[in-house]
Amino acid sequence: MASLTSPATTDGPVARVRDHHRSFGDTHVLRAIDLDIAPGEFVALLGRSGCGKSTLLRSLAHLDPTPAGEVEVSGRTSVAFQEPRLLPWRRVRENVALALLNGSERKRRFELAEQTLAEVGLGDKLDAWPLQLSGGQAQRVSLARALVSNPALMLLDEPFSALDALTRIDMHQLVIDLWRRHSMAILIVTHDVDEAIALADRVLVMDDGRIAREWSIEPRRDDRAPSKPEIARIRAEMLVALGVHPTTANPNRTPVHKQGAA
Ligand SMILES: Nc1ncnc2c1ncn2[C@@H]1O[C@H](COP(=O)(O)OP(=O)(O)OP(=O)(O)O)[C@@H](O)[C@H]1O
């Protein structure tokens with residue numbers, strides 16, 4: 001059984017998962033997951049298609065009505081998905097403000113939405129309709145909607161995999177900037193080893209419904225990136241854990257699903 005513990009903090013973990021199982025009929029998708037996420041930690045969840053990543057993310061987002069085991073999240077969570085899922089009949093400002101429907105009064109909701117949209121670089125798109133946005137801009141709105149409620153844990157389910165490579169680099173920088181500014185914990189689900197290494201403090205590899213291995217990518221916060229040989233070693237280990245032979249992998253990009261299919 002995987003037993004993964006984040007560095008101890010005085011506040012305790014923002015998410016605490018113990019012996020978490022999930023089956024769909026006879027298919028066991030999650031098997032005895034143990035996981036702690038510390039406040040402000042950036043965790044990446046990597047794994048082959050179908051290994052249970054999104055199922056675990058849904059449990060953390062309280063989107064699964066029947067989780068088995070303990071899944072505790074302290075504080076607010078928010079989710080952004082691969083597709084921005086914006087309401088096409090609402091303007092950008094309103095799409096973001098809707099995330100606050102149960103909170104503050106209308107004027108305040110709109111102020112917060114505008115402020116957050118400015119933070120993600122869309123201060124000039126407040127009155128745009130979703131269909132007038134590029135894919136990258138729509139995903140920025142989705143990030144703003146996830147951020148506006150000031151979550152303790154932001155869950156990102158392959159948020160950049162449909163974007164072109166250059167837009168994805170911009171989005172990586174944006175997410176790192178937002179994370180530094182707001183200090184929330186983030187869990188990102190990705191197929192991409194390099195994306196996981198570029199973003200996360202800690203990378204978990206899932207296999208067959210279990211957390212099979214984890215790596216710390218540190219230090220991160222003060223821009224002292226790990227040395228190149230260290231990154232190369234970690235990357236090679238991750239590819240092996242994912243069943244991809246490192247010498248067959250493109251050293252610059254490794255979407256796991258494509259490598260697996262090769
Ligand atoms: N609501 C559901 N009903 C039945 N089976 C489901 C349901 N949700 C997920 N599954 C199954 O659980 C398994 C894991 O799905 P999940 O979406 O968690 O995988 P994943 O690792 O996120 O995959 P991908 O990377 O392709 O998104 C798959 O076999 C999927 O078909």
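**Exercise 1. In which helix does alanine 241 lie, and is the residue buried or exposed?**

Solution. The structure is a predicted model.
Step 1: alanine 241 belongs to helix α7, which covers residues 228-241.
Step 2: a residue is classed as buried if 20 or more other C-beta atoms lie within 10 Å of its own.
Step 3: alanine 241 has 20 C-beta neighbours inside 10 Å and therefore counts as buried.
Step 4: leaving aside residues up to four places away in sequence, alanine 241 touches Val205, Ala212 and Arg213.
Step 5: from alanine 241 to leucine 57 the separation is 184 residues in sequence and 21 Å in space, C-alpha to C-alpha.

**Exercise 2. Determine the order and pairing of the three-stranded sheet, and describe how β1 is joined to its partners.**

Solution.
Step 1: the strand order is β2-β1-β4 in an open sheet, and the pairing is antiparallel.
Step 2: β2 (27-37) and β4 (68-73) are edge strands with a single partner each, so one side of each has no neighbour in the sheet. From one strand to the next, the twist averages 25°.
Step 3: β1 is joined to β2 by seven bridges, and β1 (residues 15-24) is joined to β4 by five.
Step 4: individual residues fix the register. Arginine 16 stands opposite aspartate 36 in β2 and opposite glutamate 72 in β4; arginine 18 has glutamate 70 as its bridge partner in β4.
Step 5: the connection between β1 and β2 is a hairpin with two residues between the strands, and glycine 25 in its turn has a positive phi of about 60°.

**Exercise 3. Establish the arrangement of the six-stranded sheet and locate the helix α1 against it.**

Solution.
Step 1: this open sheet runs in the order β5-β6-β7-β3-β8-β9, and its pairing is mixed.
Step 2: the edges are β5 (77-80) and β9 (210-216); each has a single partner strand, so one side of each is left without a neighbour in the sheet. The twist here averages 20° from one strand to the next.
Step 3: one parallel pair is β5 with β6 (residues 153-157), over four bridges. Within this pair, threonine 77 has leucine 153 as its bridge partner in β6.
Step 4: α1 packs on the sheet, touching β3 (42-47), β5, β6, β7 (185-190) and β8 (202-207), and its direction makes about 155° with that of β7.

**Exercise 4. Which residues have the most contacts inside the largest nonpolar core?**

Solution.
Step 1: the core has 72 residues, and Leu46, Leu153, Leu187 and Val203 have the most contacts inside it. Helix α4 (residues 135-147) supplies the largest share, six residues.
Step 2: not counting residues up to four places away in sequence, leucine 153 touches, among others, Val14, Ile37, Val73, Thr77, Met184 and Leu187.
Step 3: for the chain as a whole, buried residues make up 44% of the 262 residues.

**Exercise 5. Characterise the shell around the ligand by residue, class and source.**

Solution.
Step 1: the surrounding residues are Phe24, Val29, Gly47, Ser49, Gly50, Cys51, Gly52, Lys53, Ser54 and Thr55.
Step 2: by class, the shell holds three nonpolar residues, six polar and one charged.
Step 3: helix α1 (residues 53-60) contributes three residues, the largest share of the shell.

Notes: Residues numbered from 1 in each chain as written. Predicted model: local features only at pLDDT ≥ 70, side-chain atom pairs only at ≥ 80, totals over all residues. Near = placed C-beta within 6 Å. Nonpolar A, V, L, I, M, F, W, Y, C, P; charged D, E, K, R; others polar. Pairing = 2+ DSSP bridges. Axes fitted to C-alpha atoms, helices over the stretch in contact; angles between N-to-C directions. Core = buried A, V, L, I, M, F, W, Y, C linked by C-beta atoms within 7 Å. Buried ≥ 20, exposed ≤ 12 C-beta atoms within 10 Å, placed from the backbone. Contact = placed C-beta atoms within 7 Å.
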